[in-house]
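Biologist: I would like a close look at a single part of this protein, and I would be glad of one connected answer rather than a list.

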Amino acid sequence: MVEQIAVFIENRKGRLQELTKVLGDAGIDLRTMSIADTNDFGILRAVTSDNAAAARVLKEHGFTVTTNRLIGVEVPDKPGGLAYVLKTLDDNGVDIEYLYSFAHTNDKRAVILFRVGDDKNASEVLKAHGVKLLENI
């Protein structure tokens, strides 16, 4: 399982820059992130070099932060690399709430982070089908 932070962020000029500055000033690296937004606010989901410290320092600067766990998998970074994982989950009745990904271009692999309703079942299904699960990224 991979831990992520989820940050409520107002949709206003400069707010994302403030967040990244707080993390940067604390020496925390953003490894990957995704933002889902509406007209008034967004949810930034991220994995950092130190999620506990990121949550603490962001809260100290007035951000609303939660943490949760994701399933992280590694797939070949090539056409169809993700399709096998998605079919495996679908064939076994695992619903995906959301996902985001990033590629490691040096070693031709992609990392996919999933939020699912039943972590334990999804992990067991993926392991049984030879999918490489990640503990951290």
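Biologist: With which residue does arginine 15 form a salt bridge, and how far apart are the closest N and O atoms?

Modeller: This is a predicted model, so a word on confidence comes before the details: the protein averages a pLDDT of 92, and 98% of the residues score at least 70. Confidence is highest in helix α2 (residues 51-60), at a mean of 98, and lowest in strand β5 (residues 96-104), at 86.

The partner of arginine 15 is glutamate 18, and the closest N and O atoms of the two are 2.7 Å apart. Both residues lie in helix α1, three residues apart, which is about one turn of the helix. Arginine 15 counts as buried because its relative accessibility is 8%, under the 20% limit, whereas glutamate 18, at 30%, counts as partly exposed. The pair also belongs to a wider arrangement, since salt bridges that share partners join Glu10, Arg12, Arg15 and Glu18 into one network.

Further along the helix, the side chains of lysine 21 and aspartate 25 meet in a second example of such a bridge, at 2.6 Å from N to O. These two residues are four apart in helix α1, and therefore about one helical turn separates them. Lysine 21 is partly exposed, at 43% relative accessibility, while aspartate 25 is exposed, with a relative accessible area of 60%.

The nonpolar residues of helix α1, which spans residues 15-25, also deserve attention. Leucine 16 lies in this helix and counts as partly exposed at 33% relative accessibility; together with Met33 and Ile35, Leu16 forms a nonpolar patch on the surface, with about 230 Å² of accessible area in total. Leucine 19, by contrast, belongs to the largest nonpolar core, which has 16 residues, and is listed with Ile5, Val7, Leu23, Leu58, Phe63 and Val65 as touching the most other members. Strand β1 (2-10), helix α1, strand β3 (41-48) and helix α2 each supply at least two residues of this core, and helix α2 gives the most, with five. Leaving aside residues up to four places away in sequence, leucine 19 touches Val7, Ile9, Leu44, Leu58 and Phe63.

Helix α1 thus carries salt-bridged side chains, such as those of arginine 15 and glutamate 18, and also supplies at least two residues to the largest nonpolar core.

Conventions:
Residues are numbered from 1 along each chain as its sequence is written. This is a predicted model: local features need pLDDT of at least 70, side-chain atom pairs count only at pLDDT 80 or more; totals for chains, interfaces and linings use all residues. Side-chain values use heavy atoms; hydrogens and water are left out. Patches are made of residues with over 30% relative accessible area and no salt bridge: like charges are joined within 9 Å, nonpolar side chains (Val, Leu, Ile, Met, Phe, Trp, Tyr) within 5 Å. Accessible areas come from the Shrake-Rupley method with a 1.4 Å probe; for residues, only the protein chains shown count as cover. A salt bridge is a side-chain nitrogen of Lys or Arg within 4 Å of a carboxyl oxygen of Asp or Glu. Buried means under 20% relative accessible area, exposed over 50%, partly exposed in between (1.4 Å probe, protein chains only). pLDDT is the predictor's confidence in each residue, from 0 to 100. A nonpolar core is a set of buried Ala, Val, Leu, Ile, Met, Phe, Trp, Tyr and Cys residues joined through side-chain atoms within 4.5 Å. Contact means heavy atoms within 4.5 Å.
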